[in-house]
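I opened my notebook today to look up a few things in a protein chain. Come along and check each entry with me as we go.

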Amino acid sequence: MTGLSPRQEGGDGLADVLERVLDKGLVIAGDIQVNLLDIELLTIKIRLLVASVDKAKEMGIDWWEHDPTLSSSERNLVEENERLRHRLGELEGTGDGEPSSEAESS
């Protein structure tokens, strides 16, 4: 008896497996189709990718950087909001960049 637990002897602990999966990437793909009398009623395509951020970028996947709900592009939204308010003020004839009180109350 060496005094090592089975997990230590095997070397495939959860951390090792997770590190290997994140390093290499893991793709799970599947399709579900519901047919009735040879008429396709529903198709669901499921694609799951488990990888590290670096590996995903290496594969050309970076959607989280461009998704406004996930990225820090709030500054751009504030600037766009200010431009829209100014344009709305111009269109309403106030010229001061602020919507008139009539527009705010409706």
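**Entry 1: contacts along the chain.** I began with contacts between residues that have a separation of 6 or more, and residues 24 or more positions apart account for 16% of them. I noted that this is a predicted model. One example I looked up is Lys-55, which sits in helix H3, residues 53–58. Lys-55 and Gly-25 are 30 residues apart in sequence, yet their C-alpha atoms are 7.1 Å apart in space. I then set aside the neighbours of Lys-55 within four places in sequence, and found contacts with Leu-22, Asp-23 and Lys-24.

**Entry 2: the overall layout.** How many helices and strands does the protein chain have? I found 5 helices and 2 strands. Read from the N terminus, their order is α-α-β-β-α-α-α. I also looked up how much of the chain is covered: of its 106 residues, 7% count as buried. The accessible surface comes to about 9200 Å², and 55% of that belongs to carbon and sulfur atoms.

**Entry 3: the two strands.** Next I turned to E1 and E2, which run antiparallel and are joined by 11 bridges. They form a hairpin with 2 residues between them. In the turn I noted Leu-37, which has a positive phi of about 55°. Across the pair, I found Ile-32 standing opposite Ile-44 in E2. I added a reminder for myself: in a regular strand, side chains alternate between the two faces of the sheet.

**Entry 4: a nonpolar patch.** Which residues form the nonpolar patch on the surface? I listed Ile-32, Val-34, Leu-36, Leu-37, Ile-39, Leu-41, Leu-42, Ile-44 and Ile-46, with about 850 Å² of accessible area together. Strand E1 (26–36) and strand E2 (39–50) each supply at least two of the patch residues. E2 gives the most, with 5 residues. I checked one member, Ile-46, which is placed in strand E2. Is Ile-46 buried, partly exposed or exposed? Its relative accessible area is 42%, so Ile-46 is partly exposed.

**Entry 5: salt bridges on the hairpin.** I reminded myself that side chains of opposite charge can pair when their charged atoms come close. The structure holds 4 salt bridges, and I followed some of them. The side chains of Asp-31 and Lys-45 meet in one, at 3.9 Å from N to O. This pair links distant parts of the chain, with Asp-31 in strand E1 and Lys-45 in strand E2, 14 residues apart. Arg-47 forms a salt bridge with Asp-31 too, and here the closest N and O atoms are 3.0 Å apart. Again distant parts of the chain are linked: Arg-47 is in strand E2 and Asp-31 in strand E1, 16 residues apart. I looked up exposure as well: Asp-31 is partly exposed at 45% relative accessible area, whereas Lys-45 is exposed at 58%.

**Entry 6: a salt bridge in a helix.** Where do Arg-87 and Glu-90 lie? Both are in helix H4, residues 74–92, and because they are 3 residues apart there, about one helical turn separates them. Their side chains meet in a salt bridge, at 3.4 Å from N to O. Arg-87 is partly exposed, with 45% relative accessible area, and Glu-90 counts as partly exposed at 39%. Back on the hairpin, I closed by noting that salt bridges with shared partners join Asp-31, Lys-45 and Arg-47 into one network.

Technical notes
Residues numbered from 1 in each chain as written. Predicted model: local features only at pLDDT ≥ 70, side-chain atom pairs only at ≥ 80, totals over all residues. Heavy atoms only, no water. Patch = residues over 30% accessible without salt bridge, like charges linked within 9 Å, V, L, I, M, F, W, Y side chains within 5 Å. Areas by Shrake-Rupley, 256 points an atom, 1.4 Å probe, with all protein chains shown as cover. Helix = DSSP H or I, 4+ residues; strand = E, 2+ residues; numbered from the N terminus. Buried < 20%, exposed > 50% of the residue type's maximum accessible area, 1.4 Å probe, protein only. Contact = heavy atoms within 4.5 Å. Pairing = 2+ DSSP bridges.
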